Amino acid sequence: MQRRFQNPILSGFYPDPAICRVGEDYYLIHSTFEYFPGVPIHHSRDLVHWQQIGHILDRPSQLNLDEIHPSAGIYAPTISHHNGTFYMITTLIAGKERHGNFIVTAESPAGPWSDPYWLDADGIDPSLFFEDGRAWYVGNRGKANPEYEGQCEIWLQELDLSTMQLVGEQYVLWRGALNGVVWTEGPHLYKIDGWYYLLIAEAGTEYNHAVTIARSSELTKGYEGYRANPILTHRQLGRDYPIMGTGHSDLVQTQNGEWWMVLLAMRPYGGEFYNLGRETFLAPVEWEQGWPLISPGTGKVESSYPVPDLPLQRWPFQAACDHFDGDTVGMHWMFLRTPRSEWWSLSERPGWLRMQLRPEQINQMANPSFVGRRQQHMNFLAQTVLEFQPQQAHEVAGMVLIQNHKYQVQFVIDGAQQASVIVCRNGEEETLAQVPVSGQRQYLRIVAYGQEYSFFVAEQPDAWQPVLENLDGRFLSTPIAGGFVGTVIGLYASSQGQASQTVADFDWFEYREVAE
């Protein structure tokens with residue numbers, strides 16, 4: 001029986017995938033928006049099994065996310081390899097003074113990566129194209145004197161690799177496949193069999209998302225759209241179809257000659273809601289009469305396909321429980337915005353994650369004492385043990401489910417010795433449930449079955465008592481909360497606006513999928 005793989009190949013908040021092959025090795029990167037470190041990089045040899053090897057933007061000197069709005073930050077990075085150097089180019093959305101496109105480089109995909117080379121380039125979603133020793137910038141921008149709101153164009157300009165600056169004439173390549181289309185973006189250029197192919201996304205990164213393509217015999221002009229565009233979309237399948245919003249893609253050819261596409265899509269559940277965010281899917285590609293055919297036979301992204309014709313590469317088993325025994329937190333952990341101080345430690349109490357209570361709060365556009373990881377399953381269990389001796393009633397520590405600072409759930413122990421579930425919808429907080437607790441050691445558990453989230457506390461292992469059961473979690477999804485990210489779950493501590501010397505210690509954190 002032929003082996004098959006399951007989509008998505010990366011579950012949870014991994015949007016805007018871009019891929020690069022170097023020999024037998026494949027590298028995959030994604031947008032990270034307001035989260036730090038920025039741009040996780042994964043490695044694979046079979047396109048199905050991926051292992052994270054680092055973050056490209058892992059230093060404050062590379063990434064200033066101070067006070068940015070939710071779903072601003074790092075947009076649509078792309079990765080290339082040319083003459084022994086890796087290039088990552090991306091957009092930072094962070095207000096007028098820090099907005100822009102930049103490149104970082106590295107000799108190894110695991111880093112270290114350089115500090116940014118900033119470019120004088122309008123728009124977002126840049127990529128690079130290399131040919132005959134020359135480099136070219138390909139990007140999106142709003143059309144000058146647009147005929148309607150959201151009209152954009154894809155443009156090209158040469159990049160001088162010696163100065164890392166754009167030079168020479170700018171060329172407008174294409175404005176998209178459909179009349180009246182909005183948000184033509186995410187461009188990638190390829191040269192295949194003598195043709196230049198321009199692959200883009202159209203119609204916005206939600207339900208109407210689509211992939212379209214044009215080609216030309218000349219790099220700088222003459223692009224004609226494929227008459228069968230869009231080459232991929234699921235907008236005709238309904239808002240509750242199991243895979244929706246297909247788009248923002250990249251093509252890769254294997255060393256064996258096969259073609260594959262990585263793309264983003266969402267898996268709605270509980271209606272049209274997708275708490276997991278935009279995830280990374282993989283689909284086969286064949287070429288027919290000079291144009292790509294995505295998912296031959298069905299024309300839609302399937303939940304399962306035969307595996308690529310590549311040697312199977314499984315990575316070492318990753319334990320579901322993090323015991324905080326290392327020198328640094330694991331690569332799956334993220335911070336909100338750029339941390340400017342060492343408010344966490346793995347050495348002050350070895351084997352524990354110690355977090356300082358600071359005035360910053362999770363419902364502010366700040367860098368709170370919060371470290372989180374992506375929710376990656378519709379049905380999951382997350383739990384931790386906390387040792388915490390609050391000195392004031394307003395001091396809190398525990399767990400948080402967050403979509404952004406206005407849409408979240410805080411599950412915390414406070415200075416009044418209560419375990420509380422506090423829901424924030426559209427910036428309005430409401431305490432839905434409280435139970436008294438005693439002692440300084442508490443076990444906290446969150447269990448989700450679909451869109452129902454339940455919260456439990458215990459003072460002894462497995463002596464769980466419910467705090468709140470079956471909370472409707474659909475407000476943690478983009479259709480309600482807005483933005484471009486998925487739900488993140490993590491550990492939190494705050495003195496809520498007051499100075500404090502208190503710390504919160506977490507012995508371990510477990511996250512795993514559970515059967516329905």
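Reader: What makes the lining of the largest pocket split into nonpolar, polar and charged residues, and how many fall in each class?
Author: Residue names settle it: Ala, Val, Leu, Ile, Met, Phe, Trp, Tyr, Cys and Pro count as nonpolar, Asp, Glu, Lys and Arg as charged, and the others, Gly among them, as polar. Sorted that way, the lining has 17 nonpolar, 12 polar and seven charged residues. Bear in mind that this is a predicted model, where local features need pLDDT of at least 70, side-chain atom pairs need 80 or more, and totals for chains, interfaces and linings use all residues. Numbering starts from 1 along each chain as its sequence is written, and side-chain values use heavy atoms, with hydrogens and water left out.

Reader: Why is this space called a pocket and not a cavity?
Author: A cavity is where a 1.4 Å probe fits but cannot get out, while a pocket is an open set of points (1 Å grid, protein atoms alone) with protein on both sides within 12 Å along at least five of seven lines. The largest one holds about 1400 Å³ of space, the volume being what probe spheres set on the points fill, with points joined across faces, edges and corners. Its lining (an atom within 4 Å of a point) counts 36 residues, and Trp-50, Gln-318, Ala-319, Arg-373 and Gln-376 are the closest to the centre.

Reader: Which strand gives the most to that lining?
Author: S39 does, with four residues. Strands S6 (51-57), S25 (321-322), S29 (369-374) and S39 (503-513) each bring at least two; a strand here is a DSSP run of E, at least two residues, numbered from the N terminus.

Reader: And what lines the second largest pocket?
Author: That pocket holds about 650 Å³. Ile-19, Ser-80, Leu-189, Tyr-190 and Leu-251 are the closest to its centre, out of 23 lining residues. S2 (18-22), S7 (73-82), S11 (124-131), S15 (185-192) and S20 (244-253) give two or more each. By class, you get 14 nonpolar, six polar and three charged.

Reader: What makes S2 and S3 a pair?
Author: Pairing takes at least two DSSP bridges, and S2 and S3 (residues 25-29) have five, running antiparallel. Ala-18, for one, is partnered with Ile-29 in S3. Both belong to an open four-stranded sheet in the order S2-S3-S5-S6, with antiparallel pairing.

Reader: Why are S2 and S6 at the edges?
Author: Each has a single partner strand, so one side of each has no neighbour in the sheet. Another open sheet of four strands runs S20-S21-S22-S23, also antiparallel, and there S20 and S23 (291-294) pair on one side only. S20 and S21 (residues 259-266) share six bridges, with Met-244 opposite Met-266.

Reader: How many disulfides are there?
Author: Zero, where a disulfide would be two cysteine sulfur atoms within 2.5 Å.

Reader: Why is Cys-424 called buried, but Cys-321 partly exposed?
Author: Buried is under 20% relative accessible area, exposed over 50%, partly exposed in between (1.4 Å probe, protein chains only). Cys-424, at 1%, is therefore buried, and Cys-321, at 23%, is partly exposed.

Reader: What makes S12 mostly covered?
Author: Seven of the nine residues in S12 (residues 134-142) are buried. S12 pairs antiparallel with S11 over six bridges, including Phe-129 with Trp-136. Those two strands form a hairpin with two residues between them, and Asp-132 in the turn has a positive phi of about 50 degrees. S12 also has eight antiparallel bridges to S13 (residues 152-160), where Gly-142 stands opposite Cys-152.
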